[in-house]
Each structure stands twice: as C-alpha cells, then as structure tokens.
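Hi everyone, thanks for making room for me today. I'd like to walk you through one protein chain, so please have a look at the screen.

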Amino acid sequence: MYAAVEHGPVLCSDSNILCLSWKGRVPKSEKEKPVCRRRYYEEGWLATGNGRGVVGVTFTSSHCRRDRNTPQRINFNLRGHNSEVVLVRWNEPYQKLATCDADGGIFVWIQYEGRWSVELVNDRGAQVSDFTWSHDGTQALISYRDGFVLVGSVSGQRHWSSEINLESQITCGIWTPDDQQVLFGTADGQVIVMDCHGRMLAHVLLHESDGILSMSWNYPAFLVEDSSESDTDSDDYSPPQDGPAAYPIPVQNIKPLLTVSFTSGDISLMNNYDDLSPTVIRSGLKEVVAQWCTQGDLLAVAGMERQTQLGDLPNGPLLKSAMVKFYNVRGEHIFTLDTLVQRPIVSICWGHRDSRLLMASGPALYVVRVEHRVCSLQLLCRQAVASALREDKDVSKLALPPRLCSYLSTAFIPTIKPPIPDPNNMRDFVSYPSAGNERLHCTMKRTEDDPEVGGPCYTLYLEYLGGLVPILKGRRISKLRPEFVIMDPRTDSKSDEIYGNSLISSMLDSCNCSDSSDVELSDDWAAKKSPKISRASKSPKLPRINIEARKSPKLSRAAQEMSRSPRLPMRKPSIGSPSLTRREFPFEDITQHNYLAQVTSNIWGTKFKIVGLAAFLPTNLGAVIYKTSLLHLQPRQMTIYLPEVRKISMDYVNLPVFNPNVFSEDEDDLPVVLSHVPS
C-alpha cells in the first residue's frame with residue numbers, strides 16, 4: 001500500500017478541531033433506494049467539532065473532474081453549543097448528525113430544504129464519554145463518565161437506562177455487529193457487557209495497569225443496502241484517478257475483530273471480549289487514535305513518537321512528530337506515514353470509500369490519500385513531481401505531453417471544498433467570482449472601535465471548517481450616514497503581514513496551548529487575531545476621495561455632497577477624535593491608502609451604492625435599495641443590482657445588466673428591472 005499527505009495549503013480553523021466524522025453524499029432521488037457506494041461515495045460531507053462550540057459541515061470530493069457540479073452551499077457552521085464540541089457522529093441511514101459538547105449537551109441535527117436545524121436536545125448535566133449509533137441507525141447508545149448509560153431511539157424515545165457503579169470512569173461504548181449487545185470500556189482496563197435490554201451479562205478485566213481509550217470493530221459502521229448496480233451504469237461515472245485501486249475490494253468471510261486501544265499505546269485484536277489469546281500490536285506511539293477502514297482490512301493508528309525513540313541533536317533535542325501506522329487484520333505492520341505535524345493527532349476518520357484518511361491536529365486538518373494495493377510506478381512519479389512543484393499552475397511549465405500534465409494536475413485537486421483562500425492571491429479571491437456555482441457564506445464582526453483610526457472597523461470572515469477566515473476589512477467613514485471604505489487586501493509589501501502567511505501562523509499560534517484553553521477564549525478573540533492595518537500604513541490624515549476623476553455616474557450630485565457630509569475622516573493633531581473637515585486629493589494617490597471600494601448611502605440609509613476605487617475594478621460595482629412600507633404593513637423588500645465582474649475584461653460600465661442610475665438620493669420610487677428579494 002501507499003499513503004501520502006495531500007498537496008496544497010494547510011487547512012485550518014480558528015480553534016482546535018477536536019473530532020471528525022464523515023458520511024457519503026447520496027442524491028435525493030436515490031435516498032429511498034439501495035446505494036451504489038462506489039459511485040456516490042466520491043462525494044460526501046465532513047463534520048468537525050471545535051473548541052469554540054461550533055460544528056462545521058463541509059463538502060468533500062475525491063473525484064478529479066473539475067467540471068463536476070457541487071452543491072450551492074458547501075460549508076455550514078452550526079452554532080448552538082455553549083462549550084467545546086467533543087463528539088460528532090453521523091447517522092447515515094437517517095441522514096442525521098449527533099453532536100456532544102463538554103458540558104453534556106447533545107444535539108441531533110437534521111437538514112431540510114438546504115438548512116440545518118436542531119431536531120432533538122438532551123442535556124443531563126454530566127460529561128458524555130461516547131455516543132454511538134447502532135448499525136441500522138435506529139438506536140443511539142450514550143455513555144456518561146459517571147457510569148450512567150442510556151439507549152434511545154433515533155426519534156428521541158428512551159428505551160432503557162442504567163446506572164453502573166464503578167470506581168473508575170466509563171471511557172467508551174460500542175454496539176456489537178448484530179446490535180444485540182453493548183460493550184463499555186473503563187479507565188481501569190475493564191469491559192462491561194450488557195444486552196440490548198439493559199441486563200448485565202459480563203464483567204471482564206482486560207488489563208490491570210492500562211486504561212481503555214477506545215473500542216471498535218473492523219465492521220462497517222452502518223448496514224446500508226448496497227445495490228448491485230455496476231459502477232459504469234451511470235453517465236456520471238469516471239474511472240478512479242488515484243490509481244487502479246481507488247476503491248478497495250471488500251474483505252469477504254472475515255469474522256469481525258474487536259479492537260481495544262489502551263493508554264500505553266498497545267492495541268489488542270480480539271475475536272470477542274472474552275478472547276484469552278488476543279493479537280497485541282505494540283505501536284510504540286502515545287496518545288494513539290485508531291480506526292478501521294470501512295472494508296475492515298486496514299487499521300490506521302495515529303499517535304506521537306515516544307521520547308525514548310528520539311535522540312538528542314547537537315543543537316538540542318529532536319522535535320517529536322506525529323505518524324500514522326497501518327496494520328492488517330493479523331496485526332502485521334504494513335506501512336508508516338511520517339508527518340511534519342508537531343502536535344498530537346486527536347481524531348481520524350476514513351472517507352470516500354477508504355481512499356482518504358482525514359486527521360485533525362490542533363486547528364489544522366490533514367487529508368491523506370491512501371492506495372490499498374501495490375502502488376504503481378506512475379503514481380509514485382506523480383507524487384515525486386508534485387512534491388517538487390509548488391502550485392498547480394507550475395504543471396503547465398513542464399515539457400510533458402498533455403495527457404501526463406492532466407494526470408499530474410490531479411494531485412493538486414483538493415478533497416476539501418472549498419479550499420482555503422490563498423493568502424498571496426487574496427485580492428482576486430475577493431474581487432472576482434469563483435469558477436463554480438457555489439455560494440460562500442460569511443460572517444461580519446466589529447473588530448475595532450478606536451477614534452484615532454477614524455471610526456469603527458469591521459472584518460468580513462469566510463466560514464470554513466467550523467471557523468472563520470478573515471478576507472476583508474472595512475471602516476466606517478461617516479457619523480451621519482452608513483458609509484464605509486473597504487481595504488485592499490493586496491496593495492503593497494506590507495500586505496503579507498496582514499493577509500499573508502501570518503494568516504495561517506496566527507491560527508496555529510493562537511491554538512498553541514492545551515486543549516482546554518479554547519474554552520476560556522472570549523468572543524473578542526477573533527477580533528484580536530484578525531488582520532489589522534499596521535500603524536505605519538495608516539495615514540494621519542484621510543481626506544475625501546475625489547470620485548469625479550473616475551467619471552462615476554451622478555458626478556454633479558457627488559460633487560455637491562462633498563461639502564455637506566463627511567466621508568473620510570481625518571485626525572486632528574491635538575485631539576484624538578476624528579475630524580469632520582473634508583479635503584480632496586487626486587485620484588492617483590488612492591493606492592497609498594489601500595482602498596478597494598467605497599460604500600455610499602443616502603441620509604435615510606435606504607439606498608446604497610458601491611463604488612470601485614482600485615484601478616482594476618469598474619467604477620460601478622453595484623447598488624442596494626431597501627424599501628419599507630408605512631407602519632410595516634407590507635413585507636420589507638431589498639433589491640440588489642450587481643454587474644458581472646470578470647478579470648478578462650475591463651469594459652464593465654456599459655453592461656446592460658446593470659444600470660448605475662438606480663441609485664439616487666431621492667426617495668421617489670424607481671422602476672425596478674430585477675426581482676425583489678424579500679429580507
């Protein structure tokens with residue numbers, strides 16, 4: 001076999017990712033039919049739980065066809081937990097998601113009409129040690145650290161509960177493959193067996209000195225009926241791009257193995273809980289996390305190198321790094337993946353028909369491409385060449401046939417959609433639409449309120465993997481009107497300090513602490529870590545921009561307003577508050593202020609106009625009209641006018657789809673050529 005970390009930028013959230021869970025994406029038309037996993041499991045959804053109490057649901061894809069359509073919304077940030085989310089579990093037969101937080105709160109989410117909502121809530125007030133769905137998805141097993149266990153239905157009805165009196169804590173709980181028994185592991189190495197009705201069956205001591213971390217079976221998590229439909233029966237079928245064995249052959253006639261992970265790093269493979277001669281795997285790792293692939297023929301064990309294996313260098317001790325070891329059903333070591341991760345891997349999960357292994361370490365998420373059979377020479381060459389290249393665009397510079405270039409470029413196609421914005425190309429990311437039809441959902445926060453900088457500042461964050469990635473920053477420039485200027489994320493050399501590599505490093509440094517430190521972070525943390533304009537780039541005087549040089553529509557109106565309302569405040573030398581005096585300067589000097597666009601408004605705040613200030617953007621970027629009726633007798637209406645901005649052409653002003661004259665200071669009704677969007 002062969003495994004390698006996927007090429008591309010580091011995927012990270014704004015807080016520690018604590019748990020992972022993946023499920024395949026099945027089209028709506030096929031949900032009531034048997035599932036052809038080999039075809040539909042090329043796409044799926046990854047659920048993540050982080051230290052800020054947010055659950056992320058992100059679209060993933062393993063096929064290498066760039067023209068494949070994606071869902072309109074490919075990322076959801078689900079909020080509702082009051083503490084860090086420690087468990088996420090998909091229920092694939094019923095398409096539900098269960099999440100648990102550190103305070104004991106349990107939410108069951110369901111998606112309807114493209115939106116996620118909470119269907120069930122359970123809060124017992126005690127910490128949850130494990131949550132497991134039965135293999136048919138109809139029942140849920142909940143185990144608490146204080147010894148209380150509960151089994152309920154998928155609809156929220158309680159079947160039975162029991163209080164287990166133990167001197168130690170329950171660390172995990174699982175179902176047997178036939179869903180007729182439940183097993184609980186404890187911190188002192190014991191396994192407690194109960195039947196599906198809550199009767200005690202057995203109490204077995206597996207290890208006297210080691211506690212049990214987790215238990216699992218090399219058995220599919222859910223028994224979804226698989227159709228006999230051939231992979232090539234659909235028009236959407238495309239041959240696997242990761243080699244001949246992107247989809248492994250199922251293991252037939254193998255008795256399920258009970259896998260028990262201990263705190264010492266050892267792993268026992270047992271035929272049953274009472275097996276007297278188990279196969280013991282000495283992983284040599286600490287803080288291990290183990291999980292079988294869906295086919296049950298490959299066990300991934302992730303952990304940190306032990307200190308006894310490391311030597312001392314002349315300049316100091318060698319840094320520990322995380323690694324992933326793969327074993328077969330006989331406990332034989334097959335492959336070791338060395339990583340550069342310096343933090344423990346807290347969670348792993350398989351996805352996309354076992355062709356991907358996803359790992360969470362701190363705020364970062366890593367995707368490992370796994371080849372189950374003997375790796376081909378072509379795949380090894382592709383990995384070697386891709387490692388030497390930095391970006392996908394460098395592939396075209398190689399003197400290779402087009403077919404090989406196309407095959408080589410598949411190494412750079414990311415599994416996580418959408419990929420994190422490139423800090424070195426942030427300007428194009430915020431200025432031009434993406435190639436696909438996906439919608440990027442953002443969150444805006446007020447990040448600064450300092451009179452010395454001219455007014456309150458706001459940062460626009462892209463929702464990504466349950467976290468927020470800063471992409472734009474703006475500042476209010478008027479006390480009387482809701483008017484703003486938007487900063488250019490890429491104008492000079494100092495932009496690297498604002499949106500460059502520090503975007504990733506700040507996320508990593510902010511989480512360079514214990515796992516429990518994220519609970520103490522306040523809501524202002526994102527504001528402190530958000531990119532801010534350095535003091536050196538702030539001019540002490542911010543005069544009024546003369547838009548007349550750009551020949552913007554309504555020039556005479558704008559010129560008349562220059563002497564009435566403040567737009568860009570300037571700071572007085574003696575007083576720290578912004579001044580209301582306006583000055584003008586030539587438009588050629590706009591680049592030194594790092595402005596991308598300006599949002600102007602009428603005095604009532606019902607009509608807004610977006611004016612491009614950068615040389616590579618058109619003058620008219622859009623307009624927004626907000627209409628309300630007297631006494632709110634009719635629904636509020638918002639009409640948005642947006643021209644199509646493309647990088648390939650600069651002739652935007654005369655586009656027929658956008659009429660710049662729709663913006664007016666008058667409150668008279670204007671003819672509307674586009675449909676109203678009720679707010």
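Let me start with something to ponder: how far apart do the end C-alpha atoms of residues 376-414 lie, and how much of that span is helix and how much strand? The ends are 21 Å apart, with 51% of the span in helix and 0% in strand. In UniProt, an unreviewed entry annotates residues 376-414 as "domain: SOCS box". Keep in mind, please, that what you see is a predicted model.

Another stretch makes a nice contrast. The unreviewed UniProt entry also carries the annotation "repeat: WD", covering residues 78-109. There the end C-alpha atoms lie 9 Å apart, and the span is 62% strand and 0% helix.

Now the whole chain. We have 679 residues, and 53% of them count as buried. The secondary structure comes to 45 strands and 8 helices. If you take contacts with a separation of 6 or more, 57% of them are between residues 24 or more positions apart. For the surface people, about 32,300 Å² is exposed, and carbon and sulfur atoms supply 51% of that.

Let's go inside. The largest nonpolar core has 28 residues, and those with the most contacts within it are Leu-11, Leu-20, Leu-46, Leu-358, Leu-365 and Ile-416. Several strands give at least two residues each, including S3 (17-24), S30 (356-361), S31 (364-371) and S34 (455-464). Where does this core lie with respect to domain 1 and domain 2? It lies between them, because both domains give residues to it. A separate core of 20 residues includes Ala-300, Ala-322, Ile-345 and Trp-350.

Back to Leu-365 for a moment. Setting aside neighbours within four places in sequence, its contacts include Leu-11, Ile-17, Leu-20, Leu-46, Ile-416 and Leu-465.

Strand S31 deserves a closer look, too. Of its 8 residues, 7 are buried. S31 pairs with S30 in the antiparallel sense, through 6 bridges, and one of the partnerships puts Leu-357 with Val-368 in S31. The hairpin of these two strands has 2 residues between them, and Gly-362 takes a positive phi near 65 degrees there.

S31 has other partners as well. Strand S1 (residues 2-5) runs antiparallel to it, joined by 4 bridges, with Ala-3 bridging to Val-370. Strand S2 (residues 11-12) also pairs with S31 in the antiparallel sense, over 2 bridges, and Cys-12 stands opposite Ala-364.

On to the helices. Which residues of helix H3 (residues 402-409) are buried? They are Cys-405, Tyr-407, Leu-408 and Ser-409. Part of their cover comes from helix H2 (377-388).

I'll finish with Pro-419, in the loop between strand S32 (416-417) and helix H4 (426-431). Is Pro-419 buried or partly exposed? It counts as partly exposed, because its relative accessibility is 36%, and buried would need under 20%. Leaving aside neighbours within four places in sequence, Pro-419 is in contact with Pro-414 and Tyr-464. And one last distance for you: Pro-419 and Leu-11 are 408 residues apart along the chain, yet their C-alpha atoms are separated by 7.6 Å. Recall that Leu-11 is among the residues with the most contacts inside the largest nonpolar core.

That's my tour, thanks for listening!

Key
Residues numbered from 1 in each chain as written. Predicted model: local features only at pLDDT ≥ 70, side-chain atom pairs only at ≥ 80, totals over all residues. Heavy atoms only, no water. Core = buried A, V, L, I, M, F, W, Y, C linked by side-chain atoms within 4.5 Å. Buried < 20%, exposed > 50% of the residue type's maximum accessible area, 1.4 Å probe, protein only. Domains from an automatic or database assignment. Contact = heavy atoms within 4.5 Å. Pairing = 2+ DSSP bridges. Areas by Shrake-Rupley, 256 points an atom, 1.4 Å probe, with all protein chains shown as cover. UniProt positions renumbered as here; feature names shortened; annotations may be inferred.
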